[in-house]
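Here's a quick tour of a protein fold, written to be read with the model open beside it. Take a look at the chain first, then come back for the details.

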Amino acid sequence: MIKRNLLVMGLAVLLSACGFQLRGTGNTELAIKELDLSARNAYGDTVVLMRQTLENGGVKVYTGAPFKLVFTNEQESQRTLSYIGGAQSAEYELTNELTYEIVGHNNQSLLDDKLQVHKVFLHDGNNLAGSDQEAIEARKDMRRELVQRMMLRLQQLTPAQLDQLQQTADARAKAEADALEAARKAEANTPRQSPMQVPAE
């Protein structure tokens, strides 16, 4: 037992020396230090875990922050891959899909995308309780992976990039507003035809 523990520790030291990091143990520090966070289900497991992960990464999460991460939709699905042992057991593929957007000033959407994770597990028809528990654990693992991928996406963003996206969104909104105003003025200056008078018989 001691030898095995020493071997595991030795491998961990060796791998870390060559720059390898175990999944979930890497540096999650973000250039963004302030962020609002919201979701359709404000108390859902994914958004709660995301908030904890952001705060652990040194991000101040609060309402009114310059930029907001919004989980616009989260869907879980399951499909059967194969049946094993006379349909008593089956392989299932679980999928979690998370759609999100980053919102800036004036509630303008700066970018949007989606993340998707998959996991395959075996459902044992002879051990329903154990299989159900395994499915619950699989879903938890998938939520952790979704949050980890979201953190990786956020790591690629800097305040300067978000400011640039905000400027682009502002310019687009102004152009749309100007076009709408020009169309309104054009309509107002267009002479309206009087309705045709139908002679009385």
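## Ground rules

A residue is called buried when its relative accessible area is under 20%, exposed when it is over 50%, and partly exposed in between, using a 1.4 Å probe and protein chains only. This is a predicted model, where local features need pLDDT of at least 70, side-chain atom pairs count only at pLDDT 80 or more, and totals for chains, interfaces and linings use all residues. Residues are numbered from 1 along each chain as its sequence is written, and side-chain values use heavy atoms, with hydrogens and water left out.

## The overall picture

The protein has four helices and five strands; both are DSSP runs numbered from the N terminus, with helices being H or I of at least four residues and strands being E of at least two. Walk along the sequence and you get the pattern α-β-α-β-β-β-β-α-α.

Of its 201 residues, 26% are buried. The protein exposes about 13900 Å², with carbon and sulfur atoms supplying 53% of that; the areas come from the Shrake-Rupley method with a 1.4 Å probe, and for residues only the protein chains shown count as cover. Among contacts (heavy atoms within 4.5 Å) with a separation of 6 or more, 69% come from residues 24 or more positions apart.

## The sheet

The five strands form an open sheet with mixed pairing, in the order S2-S1-S3-S4-S5. Pairing here takes at least two DSSP bridges between two strands. At the edges sit S2 (60-61) and S5 (109-124), each of them paired on one side only.

S3 (residues 68-84) and S4 (residues 89-103) run antiparallel and share 15 bridges. To find your way along that pairing, look for Gln 78 opposite Leu 94 of S4, and for Leu 69 opposite Ile 102, also of S4. On its other pairing, S4 meets S5, again in the antiparallel sense over 15 bridges. There, Glu 97 stands opposite Gln 116 of S5, and Glu 101 has Asp 112 as its bridge partner in S5. The hairpin of S4 and S5 has five residues between the strands, and in it Asn 106 takes a positive phi near 55°.

How many residues of S4 are buried? Twelve of the 15 are, so the strand is largely enclosed by the rest of the structure.

## Helices on the sheet

Helix H2 (residues 45-56) lies across S1 (34-39), S2, S3 and S4, at about 170° to S1. Helix H4 (residues 159-189) lies across S4 and S5, at about 120° to S5. Those angles run from 0 to 180 degrees between N-to-C directions, with axes fitted as lines to C-alpha atoms, for helices over the stretch in contact.

## Residues worth a click

Arg 143 belongs to helix H3 (residues 128-155). Is Arg 143 buried or exposed? Arg 143 counts as buried because its relative accessible area is 14%. Setting aside residues up to four places away in sequence, Arg 143 touches Asp 45, Thr 46, Leu 49, Glu 74, Glu 76 and Asn 96.

Gln 155 is in H3 too, but it is partly exposed, at 28% relative accessible area. Its C-alpha is 5.1 Å from that of Leu 30, although the two are 125 residues apart in sequence.

Ala 65 is placed in the loop between S2 and S3, and it is buried, with 12% relative accessibility. Leaving out neighbours within four places in sequence, Ala 65 is in contact with Glu 34, Leu 35 and Asp 36. Ala 65 and Leu 35 are 5.2 Å apart, C-alpha to C-alpha, with their positions 30 residues apart in sequence terms.

Finally, Lys 60 lies over the face of Tyr 62, at 4.9 Å from the ring centre. A charge counts as sitting over a ring when NZ of Lys or CZ of Arg is within 6 Å of the ring centre and within 35 degrees of the ring normal.
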